[in-house]
Number of protein chains: 2
Amino acid sequence: MSTPFYSIGQLAKLAACKVETIHYYEKTGLMPEPPRTEGGHRSYALQHVKRLNFIRRSRELGFTIEQIRKLLRFIDEPDHYCGEIKAMAMQQAREVQQKINDLERLKEGLNLMVAQCKGQGYSVDDCPIIEALYIAPE
Amino acid sequence: MSTPFYSIGQLAKLAACKVETIHYYEKTGLMPEPPRTEGGHRSYALQHVKRLNFIRRSRELGFTIEQIRKLLRFIDEPDHYCGEIKAMAMQQAREVQQKINDLERLKEGLNLMVAQCKGQGYSVDDCPIIEALYIAPE
DNA sequence: ATAAAACCTATAGTAACTACAGGTTCAAGA
DNA sequence: TCTTGAACCTGTAGTTACTATAGGTTTTAT
C-alpha cells in the first residue's frame, strides 16, 4: 500500500479543484495549514481530501464561503446538532427558488422582445428590443 | 419650462441608479463625459437619462457590461441592423434558461437533503446532509 | 452671508477566485 | 549520481460590477 499522504497537486485532482484555490482556502481559513515536507511542500492526508470535497460540493450547491465556514464549524465542533444544518439547507433552497423566479421573469422579458423583433433588414431605429430597453422619461 | 439640464444626482434619480455607479460607467466608457458647469459639476441632458435607463434595464435583464457596450455600439453607429441585436437577445435568453436549469438541479439536491434530515435532536454524525456533502474518496 | 447639501477626485474594499513572476524542491531517467 | 523538467513555494495583481470612504469644493436655500 502507498503512504496516505498527498501533495497539493494530488489533493487538487482528488477533490476536483485547482491548486490556487486550495491556497486561497488556506489563506481564508477554510482549509487548515497542513504539515510540510522537509523542503516546505504541503503534505495532506485523507481528512483533507474529504474536507475539500465537502467545500467543493457545497459551493456547487450555491453556498457562499461564509455559509460553508459556518457548516464546517458545526462539523468541527462535536456538540452541534443537525437542526441548524437542516435550517441552513432549507434557507438555501428558498434563496435558490427566489433566484429561479427572478430568472423566469427575465426570460419572459427577453422572449417577448425577441418575438416582437422583425430582425434582419430593419434598422435599429425600428427595433422593438431597443424600444423596450430605451424607455424615455416622458 | 425648466432648462433641460440635470445634475448627476437628478440623473441618478431619474434612471434609478446611484451617483457612484454613474461615475463608474463614465470611467469605463459606457456613459460619455458630459459638459461641466463653471465649477466643474457634471451637466446632463435628456439623452443621458435615456442612455442610463437603457443600461440599467439591460443590466436587470442580465446582460454584462461588455454585452451592453456592444448593444450601445449598435445603437451609436447608425449603419447597424436589428438582426444583430435580436441574436444577442436570443443568446441571452438561452443563457438564462441554462442558469434556470442549473438552479433547478441545485434545488432538487437541497430539497432531497432536507427531506432526509431528521433534524433537531440528532447529532451531526448521523446527518444525511453532511453525509451527502462529505463524500469520501475510495 | 452662511451653512447644509450636493458635488468633485482618488483610492480601497467587496466575493471568490485566477493568473502571473521569480524562485525552490522533488521525482524520474541517463 | 547527476540532471532536467515538472511541480511546488510566496507574494502580488487582476477579474466583475460596483460600493464606500476620505478630504476637499461648489451649489443652493435660507
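The following paragraphs describe how two protein chains meet two DNA strands in a predicted model, and then turn to packing within the chains.

Around DNA strand D, 20 residues are found, and the closest of them are A:S7, A:G9, A:R42, B:Y24 and B:R59. Of the atoms of DNA strand D that come within 4 Å of the protein, 84% are accounted for by sugar and phosphate. Several polar contacts to the phosphates of this strand can be described individually. The side chain of B:R59 places an N or O atom 2.6 Å from a phosphate oxygen of DNA strand D. For B:Y25, a polar side-chain atom lies 2.9 Å from a phosphate oxygen of DNA strand D, and for A:H23 the distance from a side-chain N or O atom to a phosphate oxygen of this strand is 3.2 Å. Two or more residues of the surface near DNA strand D come from each of α1 (8-14) and α2 (19-27) of chain A and α2 (19-27) of chain B. The element that gives the most is α2(B), with four residues. In terms of residue class, the surface near DNA strand D comprises ten polar, six charged and four nonpolar residues.

DNA strand C is likewise surrounded by 20 residues. Here the closest are A:T21, A:R59, B:S7, B:G9 and B:R42. Sugar or phosphate supplies 84% of the atoms of DNA strand C within 4 Å of the protein, and bases supply the rest. Backbone atoms take part in the contacts with this strand. A backbone N or O atom of B:R42 is 2.7 Å from a phosphate oxygen of DNA strand C, and a polar backbone atom of A:G39 is 2.9 Å from a phosphate oxygen of that strand. A side-chain contact is made by B:H23, in which an N or O atom lies 3.2 Å from a phosphate oxygen of DNA strand C. The elements giving two or more residues to the surface near DNA strand C are α2 of chain A, together with α1 (8-14) and α2 of chain B. With four residues, α2(A) gives the most to this surface. Ten polar, six charged and four nonpolar residues make up the surface near DNA strand C.

Within chain B, helix α3 (residues 46-60) packs with helix α4 (residues 65-76) at an angle of about 140°, and the axes of the two helices are 10 Å apart. Because of this angle, α3(B) is oblique to α4(B). The crossing in which α3(B) passes α4(B) is right-handed. On the side of α3(B), the contact is made by B:R51, B:F54, B:I55, B:S58 and B:R59, and on the side of α4(B) by B:I65, B:I68, B:L71, B:L72, B:I75 and B:D76. Seven of the residues in the contact of α3(B) with α4(B) are nonpolar, three are charged and one is polar. B:R59 therefore appears both in this helix contact and among the residues closest to DNA strand D.

In chain A, A:Y6 is located in the segment before α1. The C-alpha atoms of A:Y6 and A:S43 are 5.7 Å apart in space, although the two residues are 37 residues apart in sequence. Residues up to four places away in sequence aside, A:Y6 touches A:L11, A:L14, A:R42, A:S43, A:Y44, A:A45, A:L46 and A:V49. One of these, A:R42, is also listed among the residues closest to DNA strand D.

Definitions and conventions:
Residues are numbered from 1 along each chain as its sequence is written. Chains are lettered from A and ligands numbered from 1 in the order in which they are written. This is a predicted model: local features need pLDDT of at least 70, side-chain atom pairs count only at pLDDT 80 or more; totals for chains, interfaces and linings use all residues. Side-chain values use heavy atoms; hydrogens and water are left out. Axes are lines fitted to C-alpha atoms, for helices over the stretch in contact, and angles run from 0 to 180 degrees between N-to-C directions. Angles under 35 degrees count as roughly parallel, over 145 as roughly antiparallel, 65 to 115 as roughly perpendicular and the rest as oblique. A crossing is left-handed if the near helix is turned anticlockwise from the far one by less than a right angle, and right-handed if clockwise. Contact means heavy atoms within 4.5 Å. Ala, Val, Leu, Ile, Met, Phe, Trp, Tyr, Cys and Pro count as nonpolar, Asp, Glu, Lys and Arg as charged, and the others, Gly among them, as polar. A residue is near a molecule or strand if one of its heavy atoms lies within 4 Å of it. A polar contact is a pair of N or O atoms within 3.5 Å; within protein, one must be able to donate a hydrogen and the other to accept it, and residues adjacent in sequence count only if both atoms are side-chain atoms.
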